[in-house]
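Work through the exercises below with the sequence and the coordinates open. Each task is followed by a solution in steps.

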Amino acid sequence: MPFSMIFGQSSQFTRVFYDDWKHAQGYGIAATTNGGYVIAGVRDNRAMLAGVNDNGDLLWMKQCPEEFSRFQCVTTAHDGAVVAAGYISGPVSGDIWLYLMKVAANGDTIFSRVIETGAATYVQSIQQTPDHGFILAGWQELDVSPYNTLFVAKTDSAGHVSWFRQYHSFYPSFGYSARPATGGGYLVAGRAPGSTPFQESALLMKLSDTGDVIWCKDVQTGTGSHMSCNDVAETPDGLFLLVSSSNNDWYLVRTDTTGNFQGAVSSYQFAVNYEFGYPRPKLRAISGNRFVFLTPSWGYDDQLLVVDQTGTQIYR
């Protein structure tokens, strides 16, 4: 199985799984209560989940029986199980529906949901919500202008949709991350048309508990005609964004709690070649006022990068 689980200084383990598979990739990983992990991705064009123990040994694997399906992201639920989100092909050519699956740490399926959304739907992010439901973000492909539009969806704890909202613009927009905000509502990161023609800006948005827009900010920093806000992390000191440009520049951007720009605290450069629809890197706040994210690159030299709130690299 051609993906490595952990890279970085002082790593506890590195594992590469392989057999005669024609195609396998992992796109997300979540911890389980038994000390192991569940990897979400695709194998031979079918959505895949794989469970490993705390030493990285493969324990179990399961796949969707349908071709042209894929898990894009995964999160840990309140009960120690994990929930993966992705897509699955519908019965009509071109249909791509939202696909959710919850599994226990031992791989037993708790629920599986196929959600018809009316348009090709590419989910990029899933997070647990305070009511034990889930918040998802991504985009949909439309048959009319603007052809791509950001969506956010909320489900209950059993994966049933509570609400599904599109956020239209005159030009394409994309959602890369959504997470619960302190005090209620949700923070959404993505990409949307900028104030300059033919340019796209990093988007940061705050939604209410029911998906209404509370505020929406156009985050401008650095150079490049296409800026993307890949993820947002909330801290007591404000919001930190992982922003990238079409020039392969990456920025740790700081805003206040209402999304007002306070500066790009540091920049990095990594060669990136994203295929359309593949998940974007996630920014995680860890102990010691630090952040960790996977340095994105084209090839096999991805690394975990740890930085402090000033953007200073602690290790990579």
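The exercises cover strand pairing, nonpolar cores, a loop residue and cysteines.

This is a predicted model, in which local features need pLDDT of at least 70, side-chain atom pairs count only at pLDDT 80 or more, and totals for chains, interfaces and linings use all residues. Residues are numbered from 1 along each chain as its sequence is written, and side-chain values use heavy atoms, with hydrogens and water left out.

**Exercise 1.** Determine how strand β3 pairs with β2 and with β4, and whether β3 is enclosed or not.

Solution.
1. Strands (E, at least two residues) are DSSP runs, numbered from the N terminus. Two strands pair if DSSP finds at least two bridges between them.
2. β2 (residues 37–43) is antiparallel to β3, with 7 bridges. Within this pair, Gly41 stands opposite Met48.
3. The β2–β3 hairpin has 2 residues between its strands, and Asp44 in the turn has a positive phi of about 50°.
4. On β4 (residues 58–63), 5 bridges connect to β3, again antiparallel. Here Met48 stands opposite Gln63.
5. The hairpin of β3 and β4 has 5 residues between the strands, and Gly56 takes a positive phi near 85°.
6. Buried means under 20% relative accessible area (1.4 Å probe, protein chains only), exposed over 50%, and partly exposed in between. Because 6 of the 7 residues of β3 (residues 46–52) are buried, this strand is largely enclosed by the rest of the structure.

**Exercise 2.** Identify which residues of the largest nonpolar core touch the most other members.

Solution.
1. A nonpolar core is a set of buried Ala, Val, Leu, Ile, Met, Phe, Trp, Tyr and Cys residues joined through side-chain atoms within 4.5 Å.
2. The largest core has 16 residues, and Leu49, Phe71 and Tyr99 touch the most other members.
3. At least two residues of this core come from each of β2, β3, β5 (70–76), β6 (82–89) and β7 (96–103). β7 gives the most, with 4 residues.
4. Another core lies apart from this one; its 15 residues include Ala202, Leu204, Cys229 and Leu239.

**Exercise 3.** Decide whether Thr129 is buried or exposed, and list what Thr129 touches.

Solution.
1. Thr129 lies in the loop between β9 (120–128) and β10 (134–141).
2. Its relative accessible area is 3%, so Thr129 is buried.
3. Contact means heavy atoms within 4.5 Å. Not counting residues up to four places away in sequence, Thr129 touches Phe134, Ile135, Lys154, Pro180 and Tyr186.

**Exercise 4.** Count the disulfides.

Solution.
1. A disulfide is a pair of cysteine sulfur atoms within 2.5 Å.
2. By this rule the count is 0.
3. Cys64, at 4% relative accessibility, counts as buried, and so does Cys229, at 0%.
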